[in-house]
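Here is a short tour to read alongside the model. Keep the sequence and the 3D view open as you go.

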Amino acid sequence: MVLDDNTRLNIDGLWLRLTPTERGPLLATDHPREDPRLTLALVVNEALKGRWPDLEAAIAERRSTIVPQALGVTHIPPETVTYADRLQWRNLGGKTRLDEKDVYSLGTTFTVGDVIIPGKNLLRILSKLRELRGEGPPVGEEEGEAPRALTEPPISLLTSDMAVELDERAAELDQAAVQEVPKTPRERGALSAGRTGLFIDMDASGLFEPGDEEEKRKWLVEAGLTALLGYYDAGVALVRYLRDPARRRYIPDAPEDEGVHDAWVSIDWFRLGVPTPPSMKPVNWLGFCERTLREAEPESFESKGEVFTRVGSETYHIEWRRDLWKPAVLRASVIEPP
């Protein structure tokens, strides 16, 4: 293998640039101080230079280790692994699921912020570099996860590998969203960012493009992608609502080609199964809520909120959330009189 400054290493979707040295390749360190790849490179290179002899053994034994006043690799207890940790790993480029029992935080005194990474992935990076340096595999090296064998989906821009990743991201997001624990600002921000990124990638994959709905649904069922299937069913229901002629009564100037992520209605309205008041039809109930939210014109800096409106003797409560760039109806209910 001929190495130069443009050579890159791919470990489970994580691309890392290499730099040649007289003793063999190391990870490139010419990243900005706030780039997590710089922290990762400093940790890995320290071990490869022989200055951190217990690093690989510590990871294999799932314990923490440090280079005093310089670097640290901390094993995170399974019960404290958060959705924010999972999202950071995804954002770094990792394609494998974050196993709660194998999560490490990498930090240094020279860089900004820690890096979340599975121990097995860190071991694979070290193993591959030791192989390239002619030093042999380290203790604790494991085989990578075998990809799921699926036929290609009947969706324009979506591959089977992408579908599996989207399904895992959707499941992680749903699990985090229903946890009944107080959310820190970091965790709340991660949920919002994770939801936005997931919705954008689902839309970009062609998942919500009209046509062949039954064929697409059949593929998702056979593939066992239950989380992604839930979002797909909700997306189909949202598109059906957007095209319903009865909606024109409430939104007369709605664009003919309005898409899932252009809507003032969250896809989660349909995933949550918001009940319809007995006196209304579902399309009229949602149309009323959408019009009410549009007329309320929430401030652009707000990420979520609520609107109250009164019609005759009844008061309605509408919750909204900004999934992308628009406020979107999330839930609604009739407030019962005291």
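## Lys183 and its loop

Lys183 sits in the loop that joins α5 to α6. Keep in mind that this is a predicted model. If you set aside the neighbours within four places in sequence, the contacts of Lys183 are Ala176, Arg188 and Leu191. Thr82 is 101 residues away from Lys183 in sequence, yet their C-alpha atoms are 10.0 Å apart in space.

## Glu168 in helix α5

On one side of that loop, helix α5 holds Glu168. Is Glu168 buried or exposed? Its relative accessible area is 14%, and buried means under 20%, so Glu168 counts as buried. Beyond the neighbours within four places in sequence, Glu168 touches Arg90, Lys95 and Arg97.

## The largest pocket

Helices α5 and α6 turn up again around the largest pocket, which holds about 730 Å³ of space. Its lining is made of 23 residues, and those closest to the centre are Ala177, Leu191, Arg195, Arg321 and Leu330. Which elements give two or more residues to this lining? They are α5 (160-178), α6 (185-204), α9, β8, β9 and β10. Leu191 is worth a second look, being one of the residues closest to the pocket centre and also a contact of Lys183.

## An enclosed cavity

Rolling a probe the size of a water molecule over the atoms shows where empty space is left. Searching the whole structure turns up 1 cavity of 30 Å³ or more. The volume of the largest cavity is about 110 Å³. Its lining residues include Phe199, Val260, His261, Ala263, Val265, Ser266 and Ile267. Asp323, Leu324, Trp325, Lys326 and Ala328 line this cavity too.

## Helix α10 and its cover

Helix α10 runs over residues 282-296, 15 residues in total. From first C-alpha to last, α10 reaches 21 Å, close to the 21 Å expected at 1.5 Å a residue. Directly after α10 comes Glu297, which has a positive phi, near 50 degrees.

The buried residues of α10 are Val283, Asn284, Trp285, Leu286, Gly287, Phe288, Cys289, Glu290, Thr292 and Leu293. What covers them? Among the covering elements are α8 (226-243), α9 (268-272), β8 (304-311), β9 (314-322) and β10 (327-335). Of these, α9, β8, β9 and β10 also help to line the largest pocket.

## A four-stranded sheet

Elsewhere in the model, 4 strands make an open antiparallel sheet, ordered β4-β5-β6-β7. At the edges stand β4 (65-67) and β7 (115-118); each has a single partner strand, so one side of each is left without a neighbour in the sheet. On average, neighbouring strands here are turned by 20 degrees against each other, direction ignored.

The partner of β7 is β6 (residues 103-108), and the two are paired in the antiparallel sense over 4 bridges. Ser105 faces Ile116 of β7 in this arrangement.

## Helix α1 across the sheet

Which helix lies across β4, β5, β6 and β7? That is α1 (residues 36-48), which runs at about 90 degrees to β6. The 13 residues of α1 should span 18 Å at 1.5 Å a residue, and the 19 Å between its end C-alpha atoms agrees with this.

Because 10 of its 13 residues are buried, α1 is largely enclosed by the rest of the structure. Those buried residues are Leu38, Thr39, Leu40, Ala41, Val43, Val44, Asn45, Glu46, Ala47 and Leu48.

Definitions and conventions
Residues are numbered from 1 along each chain as its sequence is written. This is a predicted model: local features need pLDDT of at least 70, side-chain atom pairs count only at pLDDT 80 or more; totals for chains, interfaces and linings use all residues. Side-chain values use heavy atoms; hydrogens and water are left out. The expected span of a helix is 1.5 Å times one less than its number of residues. Buried means under 20% relative accessible area, exposed over 50%, partly exposed in between (1.4 Å probe, protein chains only). Contact means heavy atoms within 4.5 Å. Two strands pair if DSSP finds at least two bridges between them. Axes are lines fitted to C-alpha atoms, for helices over the stretch in contact, and angles run from 0 to 180 degrees between N-to-C directions. On a 1 Å grid over the protein atoms alone, a cavity is a set of points where a 1.4 Å probe fits but cannot get out, and a pocket is an open set with protein on both sides within 12 Å along at least five of seven lines; lining residues have an atom within 4 Å of a point. Grid points are joined across faces, edges and corners, and a volume is the space filled by probe spheres set on the points.
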